[in-house]
Amino acid sequence: MTESMLAKRRRAAIAKGVGVTTQIYVKRAENAEIWDSQGQRYIDFAAGIAVVNTGHRHPRVIAAAREQLEQFTHTCHQVVPYENYVTLAERLNRLVPGNFVKKTVFVTTGAEAVENAVKIARAATGRNGVVAFSGAFHGRTFLGMALTGKVAPYKMGFGPLVSDVYRVPFPVGLHGTSVEQTLNALENLFKTDIEPTRVAAIIIEPIQGEGGFYPAPPELLKSLREIADRYGIVLIADEIQTGFARTGKLFAMEHHEVAADLTTMAKGLAGGFPLAAVTGRSELMDAVVPGGLGGTYGGNPVAIAASHAVLDVIGEEKLAERATQLGERLKQYLHKLRPHVPQIADVRGLGLMIAVEFNCADSQEPDADFTNAVRQKALDHGLILLTCGVHGNVIRFLPPLTIQDDVFDEALNILKSVLLDLNNRR
């Protein structure tokens, strides 16, 4: 069956609201490569949006899942618990940044992790307000949408969102917003919209994901920690996209001398199996009454087993170090192209969470058309890329951290050819 026939069937059977970036219908995947239903090969620089950091079908992850499948697939931990859930919680309690006693709860999706972190913060503080940032992405649930700082397509047509969510600008020097302006906006928020003693939590991505891969400046994170401590506010780090060696550390907050009170994680946690978690200060985590946290599928035993293997692989194969090495190679490659591609406005990122931002060469306005042309032409040449950013003018690079050197080099050559060709046509 052809790809076009599958696409037609998809349009007839699946809700339009489930968008797709490509019309590739995957048949097989291995490490950083995907083959479609027609046998066409692609290099995957999306990794399921930073999910398969350990590569598609890593043998250790597959073996762990297969072994668990032979034992049991589901009991619901809240009904009949199992040891590997407890052991993974113990591992995360040790690994998540913060020199304090921690506890963990497992859920299924990143949005669930965010929602539960806010629930925990509200239960622990007795407050309602939550402060988030422009450009943030925290999920597609109603609270997730309210926290997300991007309208299209995430909030369009969904009516009134969850109340008591407040927003301040995220500092992006390229767009003219400084850390000082962000902090002034936060102080002004406390004077005009909500008193700080009614704020339960401040939630921030150490590097914005969907918003454009903008790293949070260290001075911002330090100031937020001080503000949270001053007013008794819970600081939540959303590490759903940044976690599990993606930024050159197991967690992005390790790049800073700041620890969040609660950390949300998902995506790379289980190598493609659905698993998410909240880890945080034990006194906060225990503020919720029994039964207030959890979910039928939360902490699925197969996903838990896969996650143990993922953590083993990250350590044994030194994937944090590899993320840094590959990310530096990619950034250097893009910087060398800047004199030949005037649309490149910025190259940024930590580890192998890298972005290139494109502006119009003459006006320096965001150039979403050029960005999408890069994505599409790269796809035509067998390289899967993702866009992001409030203006849609950012390409984000998220290959598996296990990508082979020759495949990585092949992808860079495709990218170079695409950028030079598109620029020469203008």
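**Close-up 1. A salt bridge within helix α11 of the predicted model, between Lys331 and Glu328.** The closest N and O atoms of Lys331 and Glu328 are 3.2 Å apart in this predicted model. Both residues belong to helix α11 (residues 319–337), where they are three residues apart, about one turn of the helix. Lys331 counts as buried, its relative accessibility being 15%, whereas Glu328, at 36%, counts as partly exposed. Elsewhere, Arg60, Arg91, Asp312 and Glu316 are joined into one network by salt bridges that share partners.

**Close-up 2. The salt bridge between Glu410 and Arg41.** The structure holds 22 salt bridges, and in the one shown here the closest N and O atoms of Glu410 and Arg41 are 2.9 Å apart. Because Glu410 lies in helix α13 (residues 405–424) and Arg41 in strand β3 (residues 41–44), the pair ties together parts that are 369 residues apart in sequence. Glu410 is partly exposed, with a relative accessibility of 31%, and Arg41 is likewise partly exposed, at 26%.

**Close-up 3. The salt bridge between Asp261 and Arg225.** The side chains of these two residues, Asp261 and Arg225, meet with an N to O distance of 3.0 Å. Asp261 is placed in the loop between β8 (234–238) and β9 (262–265), while Arg225 is part of helix α8, so the salt bridge ties together parts that are 36 residues apart in sequence. Asp261 has a relative accessible area of 6% and is therefore buried, and Arg225, with a relative accessible area of 11%, is buried as well.

**Close-up 4. Helix α7, with its buried and exposed residues.** For the 14 residues of helix α7 (residues 179–192), a rise of 1.5 Å a residue leads to an expected span of 20 Å, which agrees with the 20 Å between its end C-alpha atoms. The buried residues of α7 are Val179, Thr182, Leu183, Leu186, Leu189 and Phe190. They cover an arc of only 110° around the axis, which means that they lie on the same side of α7. On the other side of α7, Glu180, Lys191 and Thr192 are exposed. The cover over the buried residues of α7 includes β5 (129–133), β6, β7 (199–204) and α8 (218–231).

**Close-up 5. A nonpolar surface patch formed by Phe142, Phe158 and Val162.** Together, Phe142, Phe158 and Val162 have about 260 Å² of accessible area. Val162 is found in the loop between α6 (142–147) and β6 (165–168), and with a relative accessible area of 32% Val162 is partly exposed.

Methods:
Residues numbered from 1 in each chain as written. Predicted model: local features only at pLDDT ≥ 70, side-chain atom pairs only at ≥ 80, totals over all residues. Heavy atoms only, no water. Patch = residues over 30% accessible without salt bridge, like charges linked within 9 Å, V, L, I, M, F, W, Y side chains within 5 Å. Areas by Shrake-Rupley, 256 points an atom, 1.4 Å probe, with all protein chains shown as cover. Salt bridge = Lys/Arg side-chain N within 4 Å of Asp/Glu carboxyl O. Helix = DSSP H or I, 4+ residues; strand = E, 2+ residues; numbered from the N terminus. Buried < 20%, exposed > 50% of the residue type's maximum accessible area, 1.4 Å probe, protein only. Expected span 1.5 Å × (residues − 1). Arc of directions from axis to C-beta. Contact = heavy atoms within 4.5 Å.
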